[in-house]
Amino acid sequence: MSGLRARQKADRHRRIIEAAAALFREAGYEGAKIEAIAAQAEVSVGTIYNYYENKGDILGAIVSLEVNEVLNAGRGVVARPPANVGDALDTLVGIYIEHSLHYLSKEMWRQAMAISTQLPDSPFGQAYTALDRSLTEQIRALIARLQQIGLVRQDIDGAALGELIFNNMNMMFIEFVKRDEARIPELRAAIRRQNRILVAAIGV
């Protein structure tokens, strides 16, 4: 029975997240009502409040879903990176960027960033920071792997380099999210152009 309950709970979570993501896109974060999310997810309003305190918590769950999916995809790149430093970085960063608007719209990202900035010590703010840290750690792991297989110089501080690559990508992603007219191919090209300078400096 416990297995069945766990599956039912997971199914309710999934329906709530999918309904909320759709309504946040259609009506905007502020315009989407908990009652409408419940109706679309085919659960009671009480069920939603059993899982989440407010809409911000639901948005946080969507962000977590987004980031955890790209982390899962990124593990394959770290384990078996392309045999070229530039291609390896571009493949991993490409997974992050290409998936970034799968569940969340730019308006949703702006809302998530605002909450994490305004309430950094809240559960949402702490979770958002932890997700950024996980992405940073994965880039650091890729650099370590590239050093291990002899593609990146051993004297490079791989941890610092991973932080640098993430921080630059994150800043460019924030600028991308600010502008509705900005497109993913432009963002990827800009990140690739800047990373090219690092690749030239760290390669063996």
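**Cavity lining, core and salt bridges of an all-helical model**

The lining of the largest cavity is made up of 13 nonpolar, 2 polar and 2 charged residues. In this predicted model, the structure holds 1 cavity of 30 Å³ or more, and the space enclosed in the largest cavity amounts to about 240 Å³. Among the 17 residues that line the largest cavity, Val-67, Tyr-96, Trp-109, Leu-135 and Phe-173 are the closest to its centre. Two or more lining residues are contributed by each of helix H4 (55–79), helix H5 (85–99), helix H6 (106–118), helix H7 (123–148) and helix H8 (158–178).

The chain that surrounds this space is assigned 9 helices and 0 strands, so that, read from the N terminus on, its elements follow the order α-α-α-α-α-α-α-α-α. The C-alpha trace spans about 60 × 45 × 30 Å along its principal axes, and of the 204 residues in the chain, 43% are buried. The largest nonpolar core comprises 63 residues, and within this core the most contacts are made by Phe-24, Ile-37, Ile-48, Ile-58 and Ile-62. At least two residues of the core come from each of H1, H2, H4, H5, H6, H7, H8 and H9, with H4 giving the most, namely 9 residues. Helix H4 is thus represented both in this core and, with two or more residues, in the lining of the largest cavity.

Charged side chains were examined next. The count of salt bridges comes to 12. One of these joins Glu-18 to Arg-14, with the closest N and O atoms 3.1 Å apart; the two residues are 4 positions apart in helix H1 (residues 2–27), which means that they are separated by about one helical turn. Both partners fall in the partly exposed class, Glu-18 because its relative accessibility is 44% and Arg-14 because its relative accessibility is 40%. The pair does not stand alone, since Asp-11, Arg-14, Arg-15 and Glu-18 are linked in a network of salt bridges.

A second pair within a helix is formed by Glu-175 and Lys-178, whose side chains meet in a salt bridge with an N to O distance of 2.9 Å. Both residues belong to helix H8, where they lie 3 residues apart, about one turn of the helix. Glu-175 is partly exposed, its relative accessible area being 36%.

The salt bridge between Asp-180 and Arg-110, at 3.3 Å from N to O, brings in two separate parts of the chain. Asp-180 lies in the loop between H8 and helix H9 (184–202), whereas Arg-110 belongs to helix H6, and the pair therefore ties together parts that are 70 residues apart in sequence. Arg-110 has a relative accessible area of 29% and is accordingly partly exposed.

Several residues in the loops between helices were also considered individually. Glu-42, found in the loop between helix H2 (34–41) and helix H3 (45–51), has a phi near 60°, a positive value in a residue other than glycine. With a relative accessible area of 65%, Glu-42 is exposed. Ser-122, by contrast, is buried, with a relative accessible area of 17%, and has its place in the loop between H6 and H7. The side chain of Ser-122 reaches the backbone nitrogen of Gly-125 at 3.0 Å.

In the loop between H5 and H6, His-102 counts as partly exposed at 49% relative accessibility, a value that falls just short of the exposed class because that class requires over 50%. The C-alpha atom of His-102 is separated by 9.7 Å from that of Ala-21, although the two residues are 81 residues apart along the chain.

Technical notes
Residues numbered from 1 in each chain as written. Predicted model: local features only at pLDDT ≥ 70, side-chain atom pairs only at ≥ 80, totals over all residues. Heavy atoms only, no water. 1 Å grid on protein atoms, 1.4 Å probe; cavity = no way out; pocket = protein on both sides within 12 Å on 5 of 7 lines; lining within 4 Å. Points joined across faces, edges and corners; volume = space filled by probe spheres on them. Nonpolar A, V, L, I, M, F, W, Y, C, P; charged D, E, K, R; others polar. Salt bridge = Lys/Arg side-chain N within 4 Å of Asp/Glu carboxyl O. Buried < 20%, exposed > 50% of the residue type's maximum accessible area, 1.4 Å probe, protein only. Polar contact = N/O pair within 3.5 Å; in protein donor to acceptor, adjacent residues only side chain to side chain. Core = buried A, V, L, I, M, F, W, Y, C linked by side-chain atoms within 4.5 Å.
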